[in-house]
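Hi everyone, thanks for making time for this. I'd like to walk you through one structure today, so please have it up on your screens.

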Amino acid sequence: MTFLEHLTPLDETGMIRDAADKWAAGISDADVRRSGGFAPGRWSEMAAMGWHGLLADPDRGGLGLGPDALSLLCQAIGRARLPEPFVASSVVCVGTLTALGQDVTALVDGSAIAAPAGFGLPCDGGPSGVTATAAAEGHNLSDTIDLCEAGPDTSEFLVATAGGDALFRLPRSTPGLTTTHYGAIDGRNLARLSFDGPVPADALIATGDAARAAIRRGTALAVSALAADATGTIEKAIELTTAYLDERSQFGKPLAAFQSLRHMVADLLVELEASRSMAELTAFAASDDGDPKHLHDRVRARICRAAQSVGQNAI
């Protein structure tokens with residue numbers, strides 16, 4: 001696929017964008033604050049619309065679409081500022097497990113929620129320090145992962161070991177796995193994971209090059225989704241700002257009539273368009289199986305700069 005073809009959405013992609021925009025527009029800030037980081041009703045609605053399976057194969061109940069459709073969906077989620085772990089579970093974990101041919105049926109229908117640990121999220125987190133040593137009936141895992149996007153509703157973890165040499169799929173009830181929850185400033189649920197004990201042999205789902213390739217895939221999807229999510233949030237901030245300038249008056253005329261303020265809004269719109277371009281570029285890069293890490297670093301730097309600028313200058 002060429003970049004021009006990527007910029008020409010399919011009919012299915014357009015329908016997902018329209019449905020996501022309409023759905024997100026009906027979610028108020030008060031609804032988000034009351035949810036405490038996770039709303040089961042919203043999660044079920046996403047499942048009913050097929051969004052948890054957007055990246056999954058059709059024979060697993062998914063839609064079989066790609067990062068281009070994902071980007072449009074995540075922009076709508078970003079505009080609504082939703083705290084649910086959509087990127088963690090439905091993007092990183094579903095994308096990684098699908099690449100390995102693993103069963104993702106429960107994640108697609110919303111009855112299970114997964115969290116990546118030691119890769120994918122946070123995008124700027126350090127490498128995993130978890131070590132795995134052979135045991136009589138499996139492997140012993142040890143060490144701690146301090147930052148994992150997981151809440152009380154998370155049912156399983158996808159754990160990468162140091163160096164990405166192995167990938168484990170662990171239920172929340174795994175003996176020796178301790179989960180300590182805390183909240184992020186934006187309302188998301190986070191957790192600290194501690195490993196100290198054996199896990200069964202069938203928990204190991206990939207090793208060596210296969211594990212590293214799957215981890216690269218999950219990380220590429222995470223960067224693409226978060227770039228789109230941030231772009232949606234930037235767009236919402238500008239929307240609220242322009243609405244405020246239209247509504248409020250000073251010296252007998254609306255604030256929007258003042259040229260200096262219009263110039264500031266124009267600067268914000270430039271940042272928004274730059275973010276959209278970066279989101280499109282990283283979605284296109286995620287369509288490939290390569291390792292666009294250097295592109296990811298540049299995309300994150302540019303979008304973070306745009307988000308900081310808009311956040312400081314918007315109301």
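Let's start with a word I'll use a lot: buried means under 20% relative accessible area, exposed means over 50%, and partly exposed is in between, with a 1.4 Å probe and protein chains only. Before we go on, remember that this is a predicted model: local features need pLDDT of at least 70, side-chain atom pairs count only at pLDDT 80 or more, and totals for chains, interfaces and linings use all residues. Residues are numbered from 1 along each chain as its sequence is written, and side-chain values use heavy atoms, with hydrogens and water left out.

Okay, salt bridges. By that I mean a side-chain nitrogen of Lys or Arg within 4 Å of a carboxyl oxygen of Asp or Glu. How many does the structure hold? There are 18 salt bridges. I'll also be naming helices and strands, which are DSSP runs numbered from the N terminus: H or I with at least four residues for a helix, E with at least two for a strand.

Here's one to look up: aspartate 21 and arginine 79 join their side chains in a salt bridge, at 2.2 Å from N to O. Aspartate 21 sits in helix α2 (residues 11–25) and arginine 79 in helix α5 (residues 67–80), so this pair ties together parts that are 58 residues apart in sequence. Are the two partners buried or exposed? Aspartate 21 counts as partly exposed because its relative accessibility is 29%, while arginine 79, at 18%, counts as buried.

Next pair: arginine 60 makes a salt bridge with aspartate 103, and their closest N and O atoms are 3.4 Å apart. This time we're in loops: arginine 60 is in the one between α4 (40–48) and α5, and aspartate 103 is in the one between α6 (86–99) and α7 (105–108), so the pair ties together parts that are 43 residues apart in sequence. Arginine 60 has 31% relative accessibility and counts as partly exposed. Aspartate 103, at 40%, also counts as partly exposed.

One more: arginine 276 forms a salt bridge with glutamate 235, with the closest N and O atoms 3.1 Å apart. Arginine 276 lies in helix α9 (residues 259–286) and glutamate 235 in helix α8 (residues 208–247), so parts that are 41 residues apart in sequence get tied together. With 28% relative accessibility, arginine 276 counts as partly exposed. And here's a nice link back: Asp21, Arg79, Glu235, Glu273 and Arg276 are connected in a network of salt bridges.

While we're around α7, have a look at leucine 107, which has its place in that helix. Leucine 107 counts as buried, at 1% relative accessibility. Its C-alpha atom is 9.9 Å from that of glycine 61, and the two residues are 46 apart along the chain.

Now, strands. Strands of a sheet pair through backbone hydrogen bonds, either parallel or antiparallel. For us, two strands pair if DSSP finds at least two bridges between them.

Strand β1 (residues 114–117) and strand β4 (residues 156–160) pair in the parallel sense, over four bridges. In that pairing, proline 116 stands opposite leucine 158 of β4. In a regular strand the side chains alternate between the two faces of the sheet. So what about the faces of β1? Both are covered: Ala114 and Pro116 on one side, Ala115 and Ala117 on the other, are all buried.

There's also an open sheet of four strands, in the order β2-β3-β7-β6, with antiparallel pairing. Its edge strands are β2 (131–135) and β6 (177–183), each of which pairs on one side only. β6 and strand β7 (residues 189–200) run antiparallel and are joined by seven bridges. Within that pair, tyrosine 182 stands opposite leucine 190 in β7.

Any questions so far? If not, that's all from me, thanks!
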